Amino acid sequence: AGEDGLDGLDFDFEQYMTSKAAAVNEALDRALPPRHPERLRESMRYSLLAGGKRVRPVLALAACELVGGDASAAAPLAVACAVEMVHAMSLVHDDLPCMDDDALRRGRPANHVAFGVATALLAGDALLALAFEHVARGCGGVPAERALRAVVELGSAVGAEGLAAGQAADLAGEGGAAVGLADLEYIHVHKTARLLEAAAVCGAVVGGGADEEVESIRRYACRVGLLFQVVDDVLDVTRTSEQLGKTAGKDLAAGKATYPKLMGVDGARAYAAELVASAEAELDRFDAGRAAPLRHLARLIAYRQK
Ligand code: GRG
């Protein structure tokens, strides 16, 4: 593959991503209209509607199309919006003073800085509840068994087997507990990969995917989630050494465990290469044209330079 790793992929991913993200943004705006401009609602809209690459919803829609579903139907759009609502909730809560205590998110004041801690907490709670309400409302057109599977998938990705578990493990590490490679993997699988997995699985389930197809898509998404974090850690090191004397990456500065620290930069690069190859291998069973968006996404994450 060439420098950007996209050789041989004749597909306009940027156009795909832009048009899918636009459909998601419109649906999110409809899901949470500014009808009652009270503070709680404003705070929810602040974090749901301004910015964000919409990777998770696009993954849900692409997985739906991969199994032959219609991504413009109500159910796929509903699960796509729901995963973004959960993601927005997790960012709002992650930034709170009792968690990561970050004042900035996506280049502007974090939700609790703009609206206060109590409102930010409630906005996160309300976004989480809305996610499930939204799936239930939007899945009327798919068999009830599939709608229920989507709800179970989303719930397990958020709860004590998902985001909340990952965050708890991460906080334990910050509290001084030793973090080895297995712990680091646990944190990233739960904090990052599980929601990407749920996005892809829910899209494929409501799109009518067969069980083996759904499981391939699950493995693909889990590997892409880990890949995202491994590459992030590597870029943190290379950026830092390039800008010696300038700001170090936040995690490095905080002395947090990272892949390069635990396996060396070359080891982490080799691991990333393994992850992108094994993620892509899961797509081999599908029609090449339909798999192109997800193949592209995996390579963009693997070969990104910032
Ligand atoms: C309250 C049940 C409950 C759970 C919350 C706070 C928390 C538990 C979990 C934290 C999860 C978290 C913040 C994970 C980091 C995930 C990550 C890779 C974020 C960055 O995602 P991007 O790059 O962000 O897709 P954009 O801004 O593009 O949306």
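These legends describe close-up views of a predicted model.

**View 1. R54 in the loop between α2 and α3.** Helix α2 spans 39–49, and α3 spans 55–66. R54 sits in the loop that links these two helices. Its phi is near 65 degrees. That value is positive, and R54 is not a glycine. Most residues other than glycine have a negative phi. R54 has 23 other C-beta atoms within 10 Å, so the residue is buried. The cut-off for buried is 20 or more.

**View 2. R106 in the loop between β1 and β2.** Strand β1 covers 104–105, and β2 covers 108–109. R106 lies in the loop between them. The phi of R106 is near 50 degrees, again a positive value in a residue other than glycine. Is R106 buried or exposed? R106 counts as exposed, because it has 12 C-beta neighbours inside 10 Å. Exposed residues are those with 12 or fewer.

**View 3. The residues nearest the ligand.** The ligand has 16 residues around it. Which of them come nearest? They are G52, K53, S90, D94 and Q167.

**View 4. The helices that build the shell around the ligand.** Three helices each supply at least two residues of this shell: α4 (74–95), α8 (163–174) and α9 (181–206). Which helix gives the largest share? That is α4, with five residues.

**View 5. The shell around the ligand, sorted by class.** Six residues of the shell are nonpolar. Another six are polar. Four are charged.

Definitions and conventions. Residues numbered from 1 in each chain as written. Predicted model: local features only at pLDDT ≥ 70, side-chain atom pairs only at ≥ 80, totals over all residues. Helix = DSSP H or I, 4+ residues; strand = E, 2+ residues; numbered from the N terminus. Near = placed C-beta within 6 Å. Nonpolar A, V, L, I, M, F, W, Y, C, P; charged D, E, K, R; others polar.
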